[in-house]
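This briefing is meant to be read beside the sequence and the coordinates. It takes up single residues, the pairing of strands, the nonpolar core and the main pocket in turn.

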Amino acid sequence: DLEHELTIPFATAVVGGEAQIGVRRADGRTETIQVKVPAGIDNGQKIRLRGQGDPGSGGGVSGDILIKVKVAPHPHYQRNGKRLDVKVPISLGEALAGAKIELPTPHGTITLTVPPGTSSGSKLRVKGHGVRPSGEEPGALFAEMEIVLPENLKEDDRKKLAEIASSYNENPRRELTW
């Protein structure tokens, strides 16, 4: 048997695909082998390519190639089993009034409904849009809302927002304890 390590993109680990490995044979030549990556493979799991290793001693049956998979991180998505998590930036207006926003997912772009009055940290669950390993129930996607304030907020608008905020004396940290 031959052992090999393969780093695959996050997207390939989630939806499956193909990759290539270069295998150095006992006679010194290098062979490129196509590897089918199953949907839902996770960091540290192995792919076995039966009969594609080196021949056994005395020219017997060829061994296998065991490929240990490493999954490269994604800049926006995190994975926990079959669950996918993503932080979704929304504007102050979208948080206040609610909105329908487009969210790219591994399985295509979906329309997400942000309820009016959404706070940063609120999570919306999208059933079936997580990791979908073949033969298993698909996981869910959790979209965590992050309110992004306008970059170039005018001083006049800043004063108006401060005035509105001062009329609400709620303590958002009242339940925060050690």
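Val148 lies in strand β11, and in this predicted model its C-alpha atom is separated by 6.1 Å from that of Pro89, although the two residues are 59 apart along the chain. Because its relative accessible area is 43%, which falls between the limits of 20% for buried and 50% for exposed, Val148 counts as partly exposed. Once neighbours within four places in sequence are set aside, Val148 is in contact with Pro89, Ile90, Ser91 and Leu92.

**Strand β11 and its partners**

- Strand β11, which covers residues 141–148, pairs with strand β7, residues 83–91, in the parallel sense, and eight bridges are found between them.
- Within this pairing, Ile90, a residue of strand β7, stands opposite Ile147 in β11.
- Strand β11 also pairs with strand β10, residues 123–126, here in the antiparallel sense and over four bridges, with Arg125 placed opposite Phe142 of β11.

**Ile90 in strand β7**

- Ile90 has a relative accessibility of 2% and therefore counts as buried, the cut-off for that class being under 20%.
- Beyond residues up to four places away in sequence, Ile90 touches Met145, Glu146, Ile147 and Val148, and in addition Ala95, Ile101, Val114 and Thr118.
- The C-alpha atom of Ile90 is separated by 41 Å from that of Ile67, with the two positions 23 residues apart along the chain.

**The β8–β9 hairpin and Leu103**

- Strand β8, residues 99–105, and strand β9, residues 108–114, run antiparallel and are joined by seven bridges, and the hairpin that connects them passes through two residues.
- Side chains alternate along β8: those of Ala99, Ile101, Leu103 and Thr105 point to one face and are buried, whereas those of Lys100, Glu102 and Pro104 point to the other face and are not buried.
- Across the hairpin, Leu103 stands opposite Ile110 in β9.
- Apart from its neighbours within four places in sequence, Leu103 is in contact with a set of residues that includes Tyr77, Val86, Val88, Leu141 and Ala143, as well as Gly108, Thr109, Ile110 and Leu112.

**The largest nonpolar core and Ile8**

- Which members of the largest nonpolar core touch the most other members? Among its 36 residues, these are Ile8 and Leu103.
- Ile8 has its place in strand β1, residues 2–8, and it counts as buried because its relative accessibility is 2%.
- Leaving out residues up to four places away in sequence, Ile8 touches Ala13, Ala19, Val37 and Ile41, together with Val69, Lys70, Val71 and Ala72.
- From C-alpha to C-alpha, Ile8 and Pro106 are 15 Å apart in space, while they are 98 residues apart in sequence.

**The β2–β3 hairpin**

- Strand β2, residues 17–24, and strand β3, residues 30–37, run antiparallel and are joined by eight bridges, one bridge partnership being that of Gln20 with Gln34 in β3.
- The two strands form a hairpin with five residues between them, and Gly28, which is in the turn, has a positive phi of about 95 degrees.

**Lys68 in strand β5**

- Lys68 is found in strand β5, residues 65–71, and it counts as partly exposed because its relative accessibility is 38%.
- With neighbours within four places in sequence set aside, Lys68 is in contact with His4, Glu5 and Leu6 and also with Gly44, Gln45 and Lys46.
- The C-alpha atoms of Lys68 and Pro115 are separated by 43 Å, the two residues being 47 apart along the chain.

**The largest pocket**

- The largest pocket holds about 510 Å³ of space, and of the 14 residues that line it, Leu92, Leu96, Ile164, Ala165 and Tyr168 are the closest to its centre.
- Helices α2, residues 92–97, and α3, residues 155–166, each supply at least two residues of this lining.
- By residue class, the lining of the largest pocket divides into nine nonpolar residues, four polar residues and one charged residue.

Terms used
Residues are numbered from 1 along each chain as its sequence is written. This is a predicted model: local features need pLDDT of at least 70, side-chain atom pairs count only at pLDDT 80 or more; totals for chains, interfaces and linings use all residues. Side-chain values use heavy atoms; hydrogens and water are left out. A nonpolar core is a set of buried Ala, Val, Leu, Ile, Met, Phe, Trp, Tyr and Cys residues joined through side-chain atoms within 4.5 Å. Buried means under 20% relative accessible area, exposed over 50%, partly exposed in between (1.4 Å probe, protein chains only). Contact means heavy atoms within 4.5 Å. On a 1 Å grid over the protein atoms alone, a cavity is a set of points where a 1.4 Å probe fits but cannot get out, and a pocket is an open set with protein on both sides within 12 Å along at least five of seven lines; lining residues have an atom within 4 Å of a point. Grid points are joined across faces, edges and corners, and a volume is the space filled by probe spheres set on the points. Ala, Val, Leu, Ile, Met, Phe, Trp, Tyr, Cys and Pro count as nonpolar, Asp, Glu, Lys and Arg as charged, and the others, Gly among them, as polar. Two strands pair if DSSP finds at least two bridges between them.
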